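Trainee: Could we go through this one together? I keep meeting labels and would like to know what stands behind them.

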Amino acid sequence: MTLANEKAALDEGVLIRPRPDLATLVVTGDDRASWLAGMLTNDLASIAPGQASYALSCNRRGRVQADVWVVAEPSRILLGVPRERAEDLVTALDHYLIMEDAEIGPGPGTWWLAHGPRASDAADAAVGAGAVTAMGAYNRWPTAVVVATSAEVDHETLEAALLTPAGAAMSRAEHWEQIRVAHALATFGVDYGDKAHPQEARLETLAVSFDKGCYLGQEAIFMLEKRGTPPRRMVRLALDAPVAVATDLTVDGKRVGTVTTSVTFPEEGPQALATVKTKHTETGTELMAGEVTARVIEPAPPPAGR
């Protein structure tokens, strides 16, 4: 499967992404949705069974503690979180459970994401294979979130079912890295960590609602969006030659940022994601990545009209 095949699946069919890096947390209780709405950045108060959302868990200072896929079922809500953050996230969120009828803890589950116009077809096929599914969006791609919560679900059968819609393709990890660099989509623990505000990683349009009620970290995130400027910002770079991750970026010999992801496209050549001081993030700005010239370029636009 080539990168071109996977791009075509994303645009015209459905691109399937296994997510073995996600651990499962389970939230139960009558107040589960309203409580989570006060904990996470996206609007979850009215999330209904069969719906999914992409959100962030932030601390009181508005710094991201984890990114979270939220899946609503009739009697519980599943959270897909970075595996290395799962235990700390349970502890942190449980601290804010006071009078609410809600409970959070670890649970079983293996996760897949299905992006593209035929995502709902993939979801229907996954249900037939025994998985839990819910529909949401990511970067304006219709997205089915698929979770095998039962040990009785055969993963090979499920993956075969996910590939039944017309134009379906299974994503290779290296190709997804190229796709997300093209669209400037940050990965937690790679392009940003728990010291970053959502705006620094370009997450404010993907995972934050500025119209919902109060949530943990809202004041800092809202003030930064409406009245401030993040000190750093993730950018997409075109490079004159490949560079390694963690290469310093400089202007006039002064360090202004760091490369966080580096890939090489078959036609466009080397590109990267980097975190850079905001004053150097305007499109066309030239930086030096070691001895290599780097230029800030715009992310590929999300699908129109979705």
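Mentor: Sure. Keep in mind that this is a predicted model. Let's start with a pair of side chains: what kind of contact joins Glu204 and Arg233?

Trainee: The side chains of Glu204 and Arg233 are joined by a polar contact of 3.1 Å. What makes that distance count as a polar contact?

Mentor: The cut-off for a pair of N or O atoms is within 3.5 Å. The pair from Glu204 and Arg233 is at 3.1 Å, so it counts as a polar contact.

Trainee: Where is Glu204, and is it buried or exposed?

Mentor: Glu204 sits in helix H7. Its relative accessibility is 12%, and buried means under 20%, so Glu204 is called buried. Besides Arg233, it touches Pro198, Gln199, Phe210 and Glu225, leaving out residues up to four places away in sequence.

Trainee: Okay, now Pro242. Why is Pro242 called exposed?

Mentor: Pro242 has 57% relative accessibility, and exposed means over 50%, so the label fits. You'll find Pro242 in the loop between S11 and S12. Beyond its neighbours within four places in sequence, Pro242 is in contact with Thr264 and Pro270.

Trainee: And how far is Pro242 from Ala289?

Mentor: They are 47 residues apart in sequence, and 9.5 Å apart in space from C-alpha to C-alpha.

Trainee: Ala246 is in that loop between strand S11 (232-239) and strand S12 (248-251) as well. What is notable about the phi of Ala246?

Mentor: Phi of Ala246 is near 80°, a positive value in a residue other than glycine. Most residues other than glycine have a negative phi. Ala184, in the loop between H6 and helix H7 (204-207), also has a positive phi, near 55°.

Trainee: How do you know which of these two alanines is buried and which is exposed?

Mentor: Set each value against its cut-off. Ala184 has a relative accessible area of 5%, under 20%, so it is buried. Ala246 has 51%, over 50%, so it is exposed.

Trainee: Last one: why is helix H1 called oblique to helix H6?

Mentor: H1 (residues 3-12) and H6 (residues 173-182) pack at about 60°, with axes 10 Å apart. That angle is neither under 35 degrees nor in the 65 to 115 range, so H1 is oblique to H6. The crossing is right-handed.

Trainee: Which residues make the contact?

Mentor: Leu3, Glu6 and Leu10 from H1, and His175, Trp176, Gln178 and Ile179 from H6. By class, that gives 4 nonpolar, 2 polar and 1 charged.

Notes. Residues numbered from 1 in each chain as written. Predicted model: local features only at pLDDT ≥ 70, side-chain atom pairs only at ≥ 80, totals over all residues. Heavy atoms only, no water. Axes fitted to C-alpha atoms, helices over the stretch in contact; angles between N-to-C directions. Helix = DSSP H or I, 4+ residues; strand = E, 2+ residues; numbered from the N terminus. Parallel < 35°, antiparallel > 145°, perpendicular 65-115°, else oblique. Left-handed = near helix turned anticlockwise from the far one by under 90°. Contact = heavy atoms within 4.5 Å. Nonpolar A, V, L, I, M, F, W, Y, C, P; charged D, E, K, R; others polar. Buried < 20%, exposed > 50% of the residue type's maximum accessible area, 1.4 Å probe, protein only. Polar contact = N/O pair within 3.5 Å; in protein donor to acceptor, adjacent residues only side chain to side chain.
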